[in-house]
Each structure stands twice: as structure tokens, then as C-alpha cells.
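This report describes a protein chain for a reader who is beginning to look at structures. Please keep the sequence and the model in view while reading.

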Amino acid sequence: QFDIYRKVPKDLTQPTYTGAFISILCCVFILFLFLSELTGFIATEIVNELYVDDPDKDSGGKIEVSLNISLPNLHCDLVGLDIQDEMGRHEVGHIDNSMKIPLNQGDGCRFEGEFTINKVPGNFHVSTHSATAQPQSPDMTHNIHKLAFGEKLQVQKVQGAFNALGGADRLSSNPLASHDYILKIVPTVYEDLSGKQRFSYQYTVANKEYVAYSHTGRIIPAIWFRYDLSPITVKYTERRQPFYRFITTICAIVGGTFTVAGIIDSCIFTASEAWKKIQIGKMS
């Protein structure tokens, strides 16, 4: 007496061609929706959020920087990297973890370096300031291959400005001009399904080109990267649909489809029987 799913004897049911057609469509529709939900359950989605905080407190207040730049008309003996910031750091001719590759039969230079900066406003610049003898007219035309901060994120679904200056071409600019790149660095966190976090940095950039003069004459040009950090952190989190939600959705699909199909089949069958009675009445 507690069985709410009472069974109807088979000989009391009436199969129809319309019911068979609707049943096949119903099964195909359920299969399609099931596969769609299964694909969504297996796949991961990336949710982003913004908050105010320093995400990488274990970094010691440092940010790793990777720079790769070519100066096709400046000799490697003249190229140097200088770093300074508001904490009093002033380093001329940084050479740790860096290398210079001659270009154009020694007339040009490609500078590749990795270094750290403090999490305070400052700048680093490629110049001839560390050279033993300053050239009269250094040519600062250049091509930036890479400028990135923090860890490298290789995630296809995250399309951020992690290397916004990559591919910047200034080979046709004024050879005697200085170049100012104003960078706004945005801390970025990526958290995968296991909870592991990776820390990187995106940045926006604005630039200007100018020839500077002082009361003693023209100032030696340089390529400046002036940076400041944003207080806003961007966080990307990998998420997967909970299993209970997947089961609930599948139950809703199966139950809803069968219910709607049953209503449609009942309406068609009732209309068909009524039409038959009308036809029989006309004949009699």
C-alpha cells in the first residue's frame, strides 16, 4: 500500500505509432542534453574576481622581471641596465643573470636579463650610463621581444596582458630620442583545482618618445620603464560543477522530458480518439 509507483498491466495499455515516434524523439533529446551536461561537468570553468591585497606575501617584497630587447645599432659594450626605486636602490650596470648577444656583425646588441625589483614605484632603463666612455650619438632604436613580471602562466583560457610590450617595434623612431614606457603592474593569482596558486603580474602600458635637453645640451637618450603597482589584485580560479548539481540536472532533464512528452502524446491521442468518434457519428 506504500507503493506510489503502481504498475499498469500491459494488456491494459494501447501502443500507437504516434507514441512510438514521440518516445524515440524523447530518448534522442534526453541523450543530447545528457551529453551536453556531461561535457560541462567534465570541463573546468575559470572564474575571476578582484580584491585589494598583496597576494604573494612570501616573496619578500620582490617581483621577478624578465627582459629581452634588441638594439640593432648599439654596440654591446655600451648597453647596460640600470635599476632604481623609491626605497633608495640605485644600481648602474646590472649584470647578474643577464647576457648580451652581438647583432649585425657586432654593431648591434640583444640584451636578455632576469632580475628582481622591489614592490615600490621605481624604474629600470636600458642605457649607456654604465659604459666606460659615453658615445656622442647613441642610437636607441629598439625592438622589445619580452617584458614579463612574475611566474609565466601557460593557461589557454586566461587571455591577459602578461607580455603587453612583446613585439613592440621602435626601429623607425628617432635614433637620438629617449623612450618612456609607463607601466601599471597588476598582481595576478591563478588557482587550479588542487588549490595550488601561481603568482604573476599583468600590466598596462603607455609610452612617449622625446629628445631631452638641459642647459649643457642634449641629454643622452635611454629606454625607460617606469612602473607602479596597482592595489587591485586579479584572481583566476578553476572550478568544476559539483557532482550533486550534475545529478540534479540529469534528473530534471529525464523527468521533465518524459513529462512533457507524455502530455504531448496524451493530447495527440485524445484528439485522435475524438476525431474518430466524430467520423463515426457522421457515418451513422
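With which residue does R89 form a salt bridge? In this predicted model, the partner of R89 is E91, and the closest N and O atoms of the two are 3.1 Å apart. E91 has a relative accessible area of 26%, so this residue counts as partly exposed, a class that runs from 20% to 50%.

**Salt bridges**

The count of salt bridges comes to five, and the table gives some of them, including the pair just described.

| Salt bridge | Closest N to O distance |
|---|---|
| R89 and E91 | 3.1 Å |
| R110 and E112 | 3.3 Å |
| K184 and D228 | 3.6 Å |

The pair of K184 and D228 joins side chains whose closest N and O atoms are 3.6 Å apart; because K184 lies in strand β10 and D228 in strand β14, which covers residues 223–229, this salt bridge ties together parts that are 44 residues apart in sequence. K184 is partly exposed, at 35% relative accessibility, and D228 is partly exposed as well, with a relative accessible area of 30%. In the salt bridge between R110 and E112, R110 has a relative accessible area of 25% and is partly exposed, while E112, with 24%, is also partly exposed.

**The nonpolar cores**

In soluble globular proteins, nonpolar side chains tend to be buried together. The largest nonpolar core in this model has 33 residues, and those with the most contacts inside it are F124, L147, F149 and F225. Several strands each supply at least two residues of this core, among them β3 (80–85), β6 (108–118), β7 (122–127), β8 (143–150) and β11 (197–210). Strand β2 gives the most to the core, with five residues.

F225 shows in some detail what surrounds one of these core residues: leaving aside its neighbours within four places in sequence, F225 is in contact with L67, G122, N123, F124, V126, I144, L147, L165, Y181 and L183. Apart from the largest core lies another one, of eight residues, which includes V158, F162, V186 and V234.

**A residue at the end of a strand**

Is E191 buried or exposed? E191 lies in strand β10, which covers residues 178–191, and because its relative accessibility is 18%, under the limit of 20%, E191 counts as buried. The side chain of E191 makes a polar contact with the side chain of K235, at 3.1 Å. When neighbours within four places in sequence are left aside, the residues in contact with E191 are K196, Q197, K235, Y236, T237 and E238.

**A loop residue and a surface patch**

V92 belongs to the loop between β4 (90–91) and β5 (98–103), and with a relative accessible area of 46% this residue is partly exposed. Although V92 and S130 are 38 residues apart along the chain, their C-alpha atoms are separated by 6.0 Å. Not counting residues up to four places away in sequence, V92 touches L81, D82 and H129 as well as S130.

Which residues make the nonpolar surface patch of about 260 Å²? The patch is made by L31, F34 and L35, and L31 is found in helix α1, which covers residues 17–42.

Terms used:
Residues are numbered from 1 along each chain as its sequence is written. This is a predicted model: local features need pLDDT of at least 70, side-chain atom pairs count only at pLDDT 80 or more; totals for chains, interfaces and linings use all residues. Side-chain values use heavy atoms; hydrogens and water are left out. Helices (H or I, at least four residues) and strands (E, at least two) are DSSP runs, numbered from the N terminus. Buried means under 20% relative accessible area, exposed over 50%, partly exposed in between (1.4 Å probe, protein chains only). A polar contact is a pair of N or O atoms within 3.5 Å; within protein, one must be able to donate a hydrogen and the other to accept it, and residues adjacent in sequence count only if both atoms are side-chain atoms. Contact means heavy atoms within 4.5 Å. Patches are made of residues with over 30% relative accessible area and no salt bridge: like charges are joined within 9 Å, nonpolar side chains (Val, Leu, Ile, Met, Phe, Trp, Tyr) within 5 Å. Accessible areas come from the Shrake-Rupley method with a 1.4 Å probe; for residues, only the protein chains shown count as cover. A salt bridge is a side-chain nitrogen of Lys or Arg within 4 Å of a carboxyl oxygen of Asp or Glu. A nonpolar core is a set of buried Ala, Val, Leu, Ile, Met, Phe, Trp, Tyr and Cys residues joined through side-chain atoms within 4.5 Å.
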